[in-house]
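Q: I should like to learn how to read a protein model step by step. Where might one begin?

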Amino acid sequence: MDKKTLYEEDFYLWIRTTINQLQARQFERVDLENLLEELASMGRSEKRTIENLLIQLLVHLLKLTYWTGEKARNEGHWKGEIRNFRRQIIKEVKDSPSLKPYILEIFDECYLSARKNASDRSQLSLDTFPAIPIGSLEQILDEDWFPAGDNLEI
């Protein structure tokens, strides 16, 4: 099977074959074009993961802070999710420290998305949620920080 066909027909086998070729130092046999595309794609995927986790973290912080009608019923769940998203972000950054500046780069954009998402989910007016972030990035990622006096233990 030629390189293109293997990549298109059996992706997992293509990966195993590529790894074996690299380990055997058979560089001339490696499907370099698809390997480079896959490596670039992995980088984009890491960024998307960070972006999605940050948006979800911010959505839950906004719901916890402003969705008072549901707070009594959902506070424990929201705080648990907040801790979970923080833990996942910290783990991603620990595995790939070069992503840390990216979080700062996308923070404001993610906050705007989270604000709209929180409005959609809560069916509260977008104006309910402040246009400026409810905390600094450092606060948002701090495992013990909750906005507006919500620093209670779970």
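A: One may begin with a definition: a residue is called buried when its relative accessible area is under 20%, and exposed when that area is over 50%. In this predicted model, buried residues make up 38% of the 154 residues in the protein chain.

Q: Which secondary structure elements does the protein chain hold, and in what pattern?
A: The protein chain has 6 helices and 0 strands. Followed along the sequence, the pattern reads α-α-α-α-α-α.

Q: How does the radius of gyration of the protein chain stand beside that of a compact globule?
A: For a compact globule of 154 residues, a radius of gyration near 15 Å would be expected, whereas the protein chain has 21 Å. The C-alpha trace spans about 60 × 30 × 25 Å along its principal axes.

Q: What share of the contacts in the protein chain with a separation of 6 or more joins residues 24 or more positions apart?
A: A contact means that heavy atoms lie within 4.5 Å. Of the contacts with a separation of 6 or more, 66% are between residues 24 or more positions apart.

Q: What does the protein chain expose, and how are its charges placed?
A: The exposed area is about 9700 Å², and carbon and sulfur atoms supply 51% of it. There are 21 positive and 27 negative charges, and their mean positions are 2 Å apart.

Q: Where does helix 5 bend, and which helices do its buried residues pack against?
A: Helix 5, which covers residues 100–122, bends by about 50° at Phe-107. Phe-107 is also one of the buried residues of this helix, which include Tyr-102, Ile-106, Cys-110, Arg-115 and Ser-122. The buried residues of helix 5 pack against helix 3, helix 4 (68–95) and helix 6.

Q: What is the sign of phi in most residues other than glycine?
A: Most residues other than glycine have a negative phi. Here, Gln-123 takes a positive phi of about 60° just after helix 5. Gln-123 belongs to the loop between helix 5 and helix 6 (137–141).

Q: Is Gln-123 buried or exposed?
A: Gln-123 is exposed, because its relative accessible area is 71% and the cut-off for exposed is over 50%.

Q: What is phi of Arg-25, and where does this residue lie?
A: Arg-25 has a phi near 60°, which is a positive value in a residue other than glycine. Arg-25 sits in the loop between helix 2 (11–23) and helix 3 (32–66). With a relative accessible area of 62%, Arg-25 is exposed.

Note on methods
Residues are numbered from 1 along each chain as its sequence is written. This is a predicted model: local features need pLDDT of at least 70, side-chain atom pairs count only at pLDDT 80 or more; totals for chains, interfaces and linings use all residues. Side-chain values use heavy atoms; hydrogens and water are left out. Helices (H or I, at least four residues) and strands (E, at least two) are DSSP runs, numbered from the N terminus. The radius of gyration is taken over C-alpha atoms; the globule rule is 2.2 Å times the number of residues to the power 0.38. Buried means under 20% relative accessible area, exposed over 50%, partly exposed in between (1.4 Å probe, protein chains only). Accessible areas come from the Shrake-Rupley method with a 1.4 Å probe; for residues, only the protein chains shown count as cover. Lys and Arg count as positive and Asp and Glu as negative; His and the chain ends are not counted. The place of a charge is taken as NZ of Lys, CZ of Arg, CG of Asp or CD of Glu. The bend at a residue is the angle between axes fitted to the seven residues ending there and the seven starting there.
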